[in-house]
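Okay, thanks for coming, everyone. I'll put the structure up and then walk through the fold and one helix pair.

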Amino acid sequence: GMMGLAAACAPPGAYSKDDADRNDHGVAQMGRYEYENARATFAAVVDSAPAWLDARVNLAIATLNRQREGDEALALTKLDAVLEEDSRHLRALYTSGLIHHYLGHTEQAIPLFEQVAAADPNDAYAAYFLGQSLLQGGEYVRASEWLLRAVQLDPYLRSAYWAASQALRRTKRADEATRLLNDYQRFEPTPA
């Protein structure tokens, strides 16, 4: 999925070597689950290089992972600001979609995941979360299509089998649902 943090890559001049090094340090802190420290590191990068959108998305992700009261709203505000500057920034769209999805804001999540899935047709996670959001929104036929696509893109995305079977069950395609569930259970012993 694209929830990953971006290493240094941006227009030349958008940030310095020091900014890039600090960003990499923040990525390493995130890898050690040091979310508060990472948040401070990315905040310093953003202060130094405000035009570097990837660093601003990293800051939003670190804020989100800190999981303090109000951090979802804070992260969304940062991501909205990135999307105002670049409406097609995939990680900003994807991360915003995830937050809206987890907050139960199905109407907001669906178009965000649609944009990511259209721009990156091989991203199993974009397909999966689009399917999950459509399932939440009661659009069972479209949900099943995207969840099946997620399974095709990543056969080890086991939760997609389960969700697709739930969606199919609601579309009167019970035989397909049963077959999917059998596939899902066949993958059960495999740790992915």
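Before I give you a burial figure: a residue is called buried when its relative accessible area is under 20%. By that cut-off, 46% of the 192 residues of the protein chain count as buried. And keep in mind, this is a predicted model.

On the surface side, the protein chain exposes about 9,700 Å², and carbon and sulfur atoms supply 51% of that.

So what is the chain built from? Ten helices and zero strands. Reading from the N terminus, you just get α-α-α-α-α-α-α-α-α-α. As for how the contacts are spread along the sequence, take the ones between residues at least 6 apart: 51% of those join residues at least 24 apart.

Now, the pair I wanted to show you. Two packed helices are described by the angle between their axes and the distance between the axes. Helix 8 covers residues 140-153 and helix 9 covers residues 158-169. Their axes sit 8 Å apart, at an angle of about 155°. Anything over 145 degrees counts as roughly antiparallel, and therefore helix 8 and helix 9 are roughly antiparallel to each other. The crossing of the two is left-handed.

Who makes the contact? From helix 8, it's Y140, A143, S144, L147, L148, A150 and V151. Helix 9 brings A160, Y161, A163, A164, A167 and L168. Sort the residues in this contact of helix 8 with helix 9 by class and you get twelve nonpolar, one polar and no charged.

That's my bit, over to you.

Methods
Residues are numbered from 1 along each chain as its sequence is written. This is a predicted model: local features need pLDDT of at least 70, side-chain atom pairs count only at pLDDT 80 or more; totals for chains, interfaces and linings use all residues. Side-chain values use heavy atoms; hydrogens and water are left out. Axes are lines fitted to C-alpha atoms, for helices over the stretch in contact, and angles run from 0 to 180 degrees between N-to-C directions. Helices (H or I, at least four residues) and strands (E, at least two) are DSSP runs, numbered from the N terminus. Angles under 35 degrees count as roughly parallel, over 145 as roughly antiparallel, 65 to 115 as roughly perpendicular and the rest as oblique. A crossing is left-handed if the near helix is turned anticlockwise from the far one by less than a right angle, and right-handed if clockwise. Contact means heavy atoms within 4.5 Å. Ala, Val, Leu, Ile, Met, Phe, Trp, Tyr, Cys and Pro count as nonpolar, Asp, Glu, Lys and Arg as charged, and the others, Gly among them, as polar. Buried means under 20% relative accessible area, exposed over 50%, partly exposed in between (1.4 Å probe, protein chains only). Accessible areas come from the Shrake-Rupley method with a 1.4 Å probe; for residues, only the protein chains shown count as cover.
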